[in-house]
Amino acid sequence: LPAALPLAPRAPRPGAHLFTGASSGDARFAPSSVPLRQMVERAEATVRLASSENPSALGGRLEFSAVVEGPESIPTPTGRVRFSVGTERSEAVGLDVLGRAQLSLSWLGVGSVAATATYDGDDNFAPASDALTQVVRVPTTTSLTCLPSPSSFGDGVAISVRVASAGRGVRTGGVRFATGGAPRPSRPAAVTARPTHRQAPSRSSGTRTRTSTTACRSSRCAR
């Protein structure tokens, strides 16, 4: 006679479990029993790694946060998360009651670096991990000048944009000149001469600038 023993919602914890099935017998059949060894695997966990700012500025403080989650029917994951940033540092941080771990640092250099959060697992959950690429850039300041200012209607003017930073290296990339008020998608200003660029150190020690200049015709030009 088949029989079933429902275990949900109180399923056995992960690990090896021994079950025994026994019949009490009756007037015609003698009692009997049989053991069964059941292995319950740990549940899968999900790790979500995030950065407080990406891309971030050189020298700024960054905070990496990892959230470890599992099925709702199982208690919150416990244990620790190991944060690995680049190839130079790995640090273990314990999970709080909500399954979260955080790591703060400010030593990253310019460029892209791989960050990984690895959950070690516990009695209920198997190990899991997540990764992201953190981009660190040198902070810059941009200034705009227009000569002559003010100008007369129909006169040509020269608009210069200067990008300055304290980092080393030549500034690359482009400068978009647009007419109008607040920054918004716009067609480039009418150019009557090819843009000229020059790379020169500023008078401030350690600061380098890149200047981009274009000539245009405008009825109004203000700093």
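# A tour of a strand-built chain

Start by selecting residues 80-85, which form strand S6. The side chains of Val81, Phe83 and Val85 point to one face and are buried, while those of Arg80, Arg82 and Ser84 point to the other face and are not buried. In a regular strand the side chains alternate between the two faces of the sheet. The model on screen is a predicted one.

Keep S6 selected and add residues 111-119, which make up strand S9. The two strands pair in the antiparallel sense, over 5 bridges. To see one of these positions, pick Arg82 in S6, whose bridge partner in S9 is Thr118.

**The whole chain**

Now zoom out and color by secondary structure. How many helices and strands does the chain have? There are 0 helices and 14 strands; from the N terminus to the end, each element in the order is a β element. Of the 223 residues in the chain, 26% are buried. If you display the surface, its accessible area comes to about 15,600 Å², and carbon and sulfur atoms account for 52% of that. Among contacts with a separation of 6 or more, 54% join residues that are 24 or more positions apart.

**A sheet of three strands**

Next, select strands S3, S5 and S8. They form an open sheet in the order S3-S5-S8, with antiparallel pairing. S3 (46-51) and S8 (100-105) stand at the edges with a single partner strand each, so one side of each has no neighbour in the sheet. Look along the sheet to see the twist, which averages 15° from one strand to the next.

Narrow the selection to S5 (residues 62-69) and S8. This antiparallel pair is held over 6 bridges. At Leu62, the bridge partner in S8 is Leu105.

**The loop before S5 and a cavity**

Step back from S5 to Gly59, which sits in the loop between strand S4 (56-57) and S5. Is Gly59 buried or exposed? Its relative accessible area is 58%, so Gly59 counts as exposed. Add Gly109 and draw a distance between the C-alpha atoms: the two residues are 50 residues apart along the chain, and the separation is 7.9 Å.

Gly59 also takes part in the lining of a cavity. A search of the whole structure finds 1 cavity of 30 Å³ or more, and the largest cavity holds about 40 Å³ of space. To show its walls, select Ser56, Ala57, Leu58, Gly59, Gly60, Leu62, Leu105, Ser106, Trp107, Leu108 and Val136. Leu62 and Leu105, the bridge partners visited above, are both in this lining.

**Two serines in S2**

For the last stop, go to strand S2 (residues 32-40) and select Ser32. Ser32 is partly exposed, with a relative accessible area of 44%. Leaving aside residues up to four places away in sequence, Ser32 touches Gly21, Ala22 and Ser23. From Ser32 to Gly21 the C-alpha distance is 8.4 Å, with their positions 11 residues apart in sequence.

Move on to Ser33, also found in S2. Ser33 counts as exposed, at 54% relative accessibility. Which residues does Ser33 touch, not counting those up to four places away in sequence? They are Thr20, Gly21 and Ala22. Finally, add Ser23: the C-alpha atoms of Ser33 and Ser23 are separated by 6.3 Å, and the two residues are 10 residues apart along the chain.

How values were computed
Residues numbered from 1 in each chain as written. Predicted model: local features only at pLDDT ≥ 70, side-chain atom pairs only at ≥ 80, totals over all residues. Heavy atoms only, no water. Helix = DSSP H or I, 4+ residues; strand = E, 2+ residues; numbered from the N terminus. Buried < 20%, exposed > 50% of the residue type's maximum accessible area, 1.4 Å probe, protein only. Contact = heavy atoms within 4.5 Å. Areas by Shrake-Rupley, 256 points an atom, 1.4 Å probe, with all protein chains shown as cover. Pairing = 2+ DSSP bridges. Axes fitted to C-alpha atoms, helices over the stretch in contact; angles between N-to-C directions. 1 Å grid on protein atoms, 1.4 Å probe; cavity = no way out; pocket = protein on both sides within 12 Å on 5 of 7 lines; lining within 4 Å. Points joined across faces, edges and corners; volume = space filled by probe spheres on them.
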